[in-house]
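Okay, thanks for making time, everyone. I'd like to walk you through a structure that is probably new to you, so let me put it up.

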Amino acid sequence: MDLQEIKNYLRIDHSLDDTLLKTLQTTAEAYIYSAIEAPQVKDLRFDLCVLLLIGHFYANRSATTNENIQNLPLGVTSLIQQLRGLGSGA
C-alpha cells in the first residue's frame, strides 16, 4: 500500500511524519509476516491489519501514556489468525 492510503486512513494531511509512517508500515508488515509465518500475502485482511497496527504504533509513540498499550488493536489478533496458512496456499 502506498503512503497516501496510510495518511488517508489516519486522517493525516501533512508530510511531517511521512518517514515515520513508512517506518511504521515496514514494522507492522514484518510483525504480521512473522506472526503468520508467511513470506508474502496478497489479501485485503493483511492490508487492514497493517493499517490497524500503523495507527496503534502512531498513536502510542511515547513511552508514557495513560492508556494500556499492551494490547493489540481490536481485530488484529483475529485477522492474523485468519491470515495464517495463506502463504502456503492453504
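Let's start in a loop. R11 is found in the loop between α1 and α2. With a relative accessible area of 77%, R11 counts as exposed, because the cut-off for that is over 50%. Now, what about its backbone? R11 has a positive phi, about 60 degrees, and it isn't a glycine. Why bother mentioning that? Well, most residues other than glycine have a negative phi.

There's another residue like that further along. E37 also isn't a glycine, and E37 has a positive phi of about 55 degrees. You'll find E37 in the loop between α2 and α3. Buried or exposed? E37 is exposed, at a relative accessible area of 73%.

Let me step back for the overall picture. This is a predicted model, so keep that in mind throughout. How confident is the prediction? The mean pLDDT of the protein chain is 88, with 87% of its residues reaching 70 or more. Helix by helix, confidence is highest in α1, at 97, and lowest in helix α4, residues 76-83, where the mean is 92.

As for the fold elements, the protein chain has four helices and zero strands. If you read along the sequence, you get α-α-α-α. Of the 90 residues in the protein chain, 33% are buried. The protein chain exposes about 6,000 Å², and carbon and sulfur atoms supply 50% of that. And here's one on contacts: take those in the protein chain with a separation of 6 or more, and 63% of them are between residues 24 or more positions apart.

Okay, on to a pair of helices. In general, two packed helices are described by the angle between their axes and the distance between the axes. So what does that look like here? Helix α1 covers residues 3-10, helix α2 covers residues 18-36, and their axes come within 10 Å and cross at roughly 100 degrees. That makes α1 roughly perpendicular to α2, since anything from 65 to 115 degrees goes by that name.

Which residues make the contact? From α1 it's L3, I6, K7 and L10, and from α2 it's D18, L21, K22 and Q25. Sorted by class, the contact of α1 with α2 has four nonpolar residues, three charged ones and one polar one.

While we're on α2, have a look at L20, which lies in that helix. L20 counts as partly exposed, because its relative accessibility is 28%. What does L20 touch, leaving out residues up to four places away in sequence? The answer is Y58 and R61. L20 and Y58 are 38 residues apart in sequence, and C-alpha to C-alpha they are 8.3 Å apart in space.

Last stop, A38. A38 sits in the loop between α2 and α3, with α3 running over 44-59. At 7% relative accessibility, A38 counts as buried, because the cut-off is under 20%. Put that beside E37 in that loop, which is exposed at 73%. And A38 has a long-distance partner in sequence terms: L86 is 48 residues apart from A38 along the chain, and their C-alpha atoms are separated by 7.5 Å.

That's the tour. Happy to go back to any part of it.

Terms used: Residues are numbered from 1 along each chain as its sequence is written. This is a predicted model: local features need pLDDT of at least 70, side-chain atom pairs count only at pLDDT 80 or more; totals for chains, interfaces and linings use all residues. Side-chain values use heavy atoms; hydrogens and water are left out. Axes are lines fitted to C-alpha atoms, for helices over the stretch in contact, and angles run from 0 to 180 degrees between N-to-C directions. Helices (H or I, at least four residues) and strands (E, at least two) are DSSP runs, numbered from the N terminus. Angles under 35 degrees count as roughly parallel, over 145 as roughly antiparallel, 65 to 115 as roughly perpendicular and the rest as oblique. Contact means heavy atoms within 4.5 Å. Ala, Val, Leu, Ile, Met, Phe, Trp, Tyr, Cys and Pro count as nonpolar, Asp, Glu, Lys and Arg as charged, and the others, Gly among them, as polar. pLDDT is the predictor's confidence in each residue, from 0 to 100. Buried means under 20% relative accessible area, exposed over 50%, partly exposed in between (1.4 Å probe, protein chains only). Accessible areas come from the Shrake-Rupley method with a 1.4 Å probe; for residues, only the protein chains shown count as cover.
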